[in-house]
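Work through the following exercises with the sequence and the model at hand. Each task is followed by a solution in steps.

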Amino acid sequence: MNNNNADNTQSTTGHKTCGTDSDMRYLRLLAQNYPTVAAASTEIINLQAILQLPKGTEHFLADLHGEHLAFQHILKNASGNIRRKVDELFGNTLREQEKRDLCTLIYYPEQKLEIVKLHETDLDDWYHITLHRLVAVCRDVSSKYTRSKVRKSLPAEFSYIIQELLHERTDDANKTDYINVIVSTIISTRRADDFIIAISKVIQRLAIDRLHILGDIFDRGPGAHIILDTLAQRTGWDIQWGNHDVLWMGASAGNDACICNVIRLSLRYANLATLEDGYGINLVPLATFAMETYGNDPCEEFTPHDMGNTITDDKTRRLTALMHKAISIIQFKQEAAIIDRHPEWDMADRVLLRATDFKQGTVTIGGKTYALRSNFFPTVNPDNPCQLTPEEKTLMEKLRHSFCMSEKLHKHIALLLAHGCMYAIYNDNLLFHASIPLQEDGRLKEVEICPGECYSGQQLLHHLGMMIRAAFQNDTPADRRAYATDYFLYLWCGPNSPLFDKSKMGTYERYFIADPATHKEEKGYYFKMRDNEEVVCRILDAFGVKGSNRHIINGHVPVHASRGENPIKAGGKLMVIDGGFSEAYHHETGIAGYTLVYHSRGFQLVQHEPFTNISDTIFRGTDIKGTTQIVEMADRRMRVADTDKGRELQQQIDDLKLLLYAYRHGLITER
């Protein structure tokens, strides 16, 4: 409400009150929820108390790239936070193996219970001890929250029982028998397994208050669809879209070049699980076309990178390479068609099929001519190299239909739209996936996203987010929607795209030119200057991020920890948390990703070693080993009052105090 109006009535204490018509309309609406002085007062007391609770724990992850098993495990163990809780609670009172077993039970209760039953001689005694331990852990992770919030996270069938166990203590002599009988009855009624599963999942949920994903759920790994299914079951998460997410959005919206890129990347990394199993995309027409068209081509440059060892025989590897080349050639043609429609993008130099001499087997780039690795292009007409053949057109129609008719894909894209945008600001932290376009002097660069529409910084990311949404809205004018659909390609590989920010995407060069100098993609100025504190502060200022402990947090470019690169930059003002979550990057980075944890005492960066498999965790009690680096510790424990949520609650308190004033001075009548 507006408290700055000069016409506001003044109370006898000099505070502004509810004098304007808009104020009174708002207060009458507020009075519908709090119809009496008692109701408003009770809510003020409740909100004031919440402000004094410790700040909830935020987890930041980036560049998951389909690694669903590692992602799910990090959610289950809260990046090692649950193990730390167990260590703090039980210290030296439990042996190391007992603590590992307890943690494994919390992470994978169903599987661990089966193993326990095979080896435990006194199961009832084990149940009794384990239930008390689980309740202790649950009590600890729930201590930051109100009873109301905890209650909402509890499964309905055990809600009352868990609440009783959490809020009564065995060291109270008057309640010891009461609690013991509850536990004994859970066991005697044969509900112990169900209860253990339920409370373990409650512990997992409460260990992470807010989950931030800084882009790139898709590509490379096999389980992007599983990650999104997992997120669909959670509350309290957000995503800042990455370039790979936007590529899949474009494919879902019907952008043919994006469809080709999505399929090409899946074939490049021998990962068809997300396409075929996750979203039901039919690749049989592509396989048939590839065998008929490229059956006599060695396609050596299109041999897939089988990071997950999913290809078990030479025949499959050969077919994958044929499909890989077939879709790549179609991709170059489809990209040319979109680039031709938009000369304002200034990307004509990326249409390299037109720069290729198919008779000589060469391509000219930047005035220099290079020999091609291979020169077999049966679907390319040298006189019109970017024209699709009739067979390629038919194939694209089938592939487009498959993407547009995938119900699950559209459901997941809707999930990304509902929970995400190009950037976000949480608790004085600016989150985005890749970059903010900059000029050579480090100042914000204006980017033309539509003819005559130029923006920089926050306005650029905002309008790009609106354009992405416009591609999926039926009420968007047809010409605007068509442009928005085309623009997904620019977001994927355009030089001034904040999701790319490089001189070029050298896909054609990597496939067909041996000289590695042609493969280089020159990074934009943001990546060159992100260790400059002055530049980082200028970006934070442009986005209106204030506070003495403000930061930029992003991913996109893997941090090469094995070479000594530090993810903490610009004097601690910027944190890059892409540590190579995807298996495809492990050999480059030397680690398996980062989790940035922001709890009530400050920031901690957890560096993960590769996740082996679930069986090792369940049978041997192994875990993702992580090295924790303390990034920044607060001088005092932060409370809800210090957060964005706290500021919202304080505004509610102020509004309720005005409602009390209105009740007590007869401006509004209690009901």
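**Exercise 1.** List the contacts of Ile-263, leaving aside its neighbours within four places in sequence, and place Ile-263 in a nonpolar core.

Solution. Contact means heavy atoms within 4.5 Å. On that criterion Ile-263 touches Leu-275, Leu-283, Leu-286, Ile-327, Leu-399 and Phe-403. The model is predicted: local features need pLDDT of at least 70, side-chain atom pairs count only at pLDDT 80 or more, and totals for chains, interfaces and linings use all residues. Residues are numbered from 1 along each chain as its sequence is written, and side-chain values use heavy atoms, with hydrogens and water left out.

Next, the core. A nonpolar core is a set of buried Ala, Val, Leu, Ile, Met, Phe, Trp, Tyr and Cys residues joined through side-chain atoms within 4.5 Å; buried means under 20% relative accessible area, exposed over 50%, and partly exposed in between (1.4 Å probe, protein chains only). The largest such core has 184 residues, and Ile-263 is listed with Ile-217 and Trp-241 as having the most contacts inside it. Helix α17 (residues 314-341) gives the most to this core, with 11 residues. A second, separate core of 22 residues includes Val-37, Leu-51, Leu-656 and Leu-658.

**Exercise 2.** Describe how helix α14 packs against helix α18.

Solution. Helices (H or I, at least four residues) and strands (E, at least two) are DSSP runs, numbered from the N terminus. Axes are lines fitted to C-alpha atoms, for helices over the stretch in contact, and angles run from 0 to 180 degrees between N-to-C directions. Helix α14 (residues 256-268) meets helix α18 (residues 390-404) at an angle of about 85°, their axes 10 Å apart. α14 is therefore roughly perpendicular to α18 (65 to 115 degrees). On the α14 side the contact is made by Asp-256, Ile-259, Cys-260, Val-262 and Ile-263, and on the α18 side by Met-396, Leu-399, Arg-400 and Phe-403. By class, the contact holds 7 nonpolar, no polar and 2 charged residues.

**Exercise 3.** Locate Ala-270 and Asp-428 and state whether each is buried or partly exposed.

Solution. Ala-270 lies in the loop between α14 and α15 (273-279). Its phi is positive, about 50°, although Ala-270 is not a glycine. With 11% relative accessibility, Ala-270 counts as buried.

Asp-428 sits in the loop between β8 (423-426) and β9 (429-432). Phi of Asp-428 is near 70°, again a positive value in a residue other than glycine. Asp-428 has a relative accessible area of 24% and is partly exposed.

Notes:
Angles under 35 degrees count as roughly parallel, over 145 as roughly antiparallel, 65 to 115 as roughly perpendicular and the rest as oblique. Ala, Val, Leu, Ile, Met, Phe, Trp, Tyr, Cys and Pro count as nonpolar, Asp, Glu, Lys and Arg as charged, and the others, Gly among them, as polar.
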